[in-house]
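Below is a short briefing on one protein chain. Please look over the sequence and the structure first.

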Amino acid sequence: MAMSLNNLPDFLLTEILLRLPLKSRVQFKGVSKHWCSLISTPYFTRSVVRHCHTNPHTQPFIMILDYKDKYLSNRLLVIKSEPELEFLTAYIYKLEKQLWFEASCNDLLLCLAKHRLDGNRCYYYVINLITKQVLALPPIPKPEGFTITGFIYNNSVNDIVDKQVSFSYRLVMLKVWASEAHIFSSDTGRWSVVGYSKEFQVARFPSSAVSYKGLLLWCGTNGRLLAFDLYNSTGSRCFEIEQPIEWEQLMKQPIELGRMNFIDCLGFGVSQGCLKICQIIVQSHICVWKFKDYYNKGGGEWCLQHKVSLKEFVSEKSLWLLLTQSFFITVLGFHSINGDILYLGIRSKVLICNLRRKTLELYCNVPEANHYAASNAFNCVLPCWPTPIPSSLKNAAY
């Protein structure tokens with residue numbers, strides 16, 4: 001005798017549901033009141049988290065490239081790690097018609113409205129890519145000069161499981177030329193201004209901020225990181241994390257045939273829960289360091305994890321020539337799970353670079369890309385359970 005899903009015991013139905021793709025887990029709350037109640041329980045959330053921790057490869061990611069085409073117009077490309085994430089692509093392109101993407105943090109995007117800019121204010125929104133919930137932030141004074149923005153929120157898996165969610169977030173706007181940071185806290189509803197060293201020069205690429213253990217970080221042109229400790233008890237604090245000790249030494253190494261270094265390419269991000277920084281000496285080698293023994297006062301040290309000569313890579317001839325002869329390479333990001341993999345942007349291509357195997361593969365082509373226009377990448381590592389936005393703060397989704 002066949003048994004319907006509705007007649008299954010809750011523990012067995014839970015085991016089935018937690019193995020579904022992330023989108024389906026969210027959608028199936030609408031099947032019935034019973035399913036909605038079951039999926040909303042702390043037990044189900046704990047089961048999903050436990051399942052994802054024992055199966056780390058189930059944590060997918062989305063990479064959003066903001067680049068210029070051959071006509072120097074802004075374009076967008078969505079790169080997904082799993083076919084099941086196809087549903088996000090159309091939604092992201094729909095958002096892009098109304099919003100500029102400013103920063104990312106797991107499954108959340110920080111966006112700036114294109115058509116609501118008046119003379120004095122900016123309108124920011126936080127959007128959950130999975131649930132399509134939208135949080136409208138209070139309008140803020142429009143800054144003068146060149147700015148870059150970062151976003152971080154404080155909310156742990158335990159908070160979600162126990163339904164004790166306090167969606168605390170910080171928005172940081174760097175006024176690059178003024179060496180000022182304007183920080184908005186959801187806890188106080190106010191902006192504060194913090195200065196940082198005028199000697200610190202924020203790198204143009206990558207300009208996306210990275211969140212790591214309560215810190216919001218930007219990369220400098222010389223390999224140093226600018227960090228904002230936004231959740232310490234004494235208030236917002238700004239400090240620098242020094243570059244790896246080998247950084248300058250490697251820059252001074254001569255290249256064969258006496259060729260000069262054209263540019264020092266760099267990138268940073270989080271992989272396997274660790275902060276990493278990458279240095280590419282064009283036509284020479286790639287180095288990756290991992291930050292170890294971090295503690296809350298900014299201490300820690302860089303440990304060299306990879307140093308690979310570009311000539312050691314195995315790939316198709318055309319890709320190898322791209323890597324070894326290009327004068328501009330963009331480090332788009334690190335693989336969230338495999339610590340040996342980098343994503344590189346070279347001309348109109350995105351490449352997968354495996355530093356341990358020393359292989360180079362084509363990931364995708366960037367349509368109509370300007371060969372000399374670097375891409376800005378927003379990496380969204382999707383958690384095993386969507387980050388909840390409090391219902392009292394939600395607006396209608398785009």
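E368 sits in the loop between β24 and β25. The model is a predicted one. In it, E368 has a phi near 55°, a positive value in a residue other than glycine.

**Loops and backbone**

- E368 counts as partly exposed because its relative accessibility is 42%, between the 20% and 50% cut-offs.
- Most residues other than glycine have a negative phi.
- K358, in the loop between β23 and β24, also has a positive phi, near 60°.
- K358 is partly exposed as well, since its relative accessibility is 25%.

**D69 and its surroundings**

- D69 belongs to the loop between β1 and β2.
- With a relative accessibility of 5%, D69 is classed as buried, because the limit for buried is under 20%.
- The D69 side chain comes to 2.9 Å from the backbone nitrogen of S73.
- Leaving aside residues up to four places away in sequence, D69 is in contact with R75, E368, A369 and N370; E368 is thus a partner of D69 and is itself placed in the loop between β24 and β25.

**Second largest pocket**

- The second largest pocket holds about 650 Å³ of space.
- Its lining consists of 25 residues, and D66, N74, F101, R204 and N376 are those nearest the centre of the pocket.
- By class, the lining divides into 12 nonpolar, 6 polar and 7 charged residues.
- At least two lining residues come from each of β1 (61-68), β2 (74-80), β3 (99-105), β9 (147-154) and β25 (376-381).
- Among the contributors, β3 gives the largest share, 4 residues.

**Helix α8**

- Helix α8 spans residues 317-325, and its buried residues are L319, L322, L323 and T324.
- An α-helix has 3.6 residues a turn, so residues three or four places apart point the same way.
- The cover over the buried residues of α8 includes β22 (341-346), β23 (349-354) and β24 (359-365).
- The strands β23 and β24, both part of that cover, are the ones joined by the loop that holds K358.

**Whole chain**

- There are 8 helices and 26 strands in the protein chain.
- Of the 398 residues in the chain, 50% are buried.
- Among contacts with a separation of 6 or more, 51% are between residues 24 or more positions apart.
- The exposed area of the chain is about 19,400 Å², of which carbon and sulfur atoms supply 51%.

Key
Residues numbered from 1 in each chain as written. Predicted model: local features only at pLDDT ≥ 70, side-chain atom pairs only at ≥ 80, totals over all residues. Heavy atoms only, no water. 1 Å grid on protein atoms, 1.4 Å probe; cavity = no way out; pocket = protein on both sides within 12 Å on 5 of 7 lines; lining within 4 Å. Points joined across faces, edges and corners; volume = space filled by probe spheres on them. Nonpolar A, V, L, I, M, F, W, Y, C, P; charged D, E, K, R; others polar. Buried < 20%, exposed > 50% of the residue type's maximum accessible area, 1.4 Å probe, protein only. Contact = heavy atoms within 4.5 Å. Areas by Shrake-Rupley, 256 points an atom, 1.4 Å probe, with all protein chains shown as cover. Polar contact = N/O pair within 3.5 Å; in protein donor to acceptor, adjacent residues only side chain to side chain.
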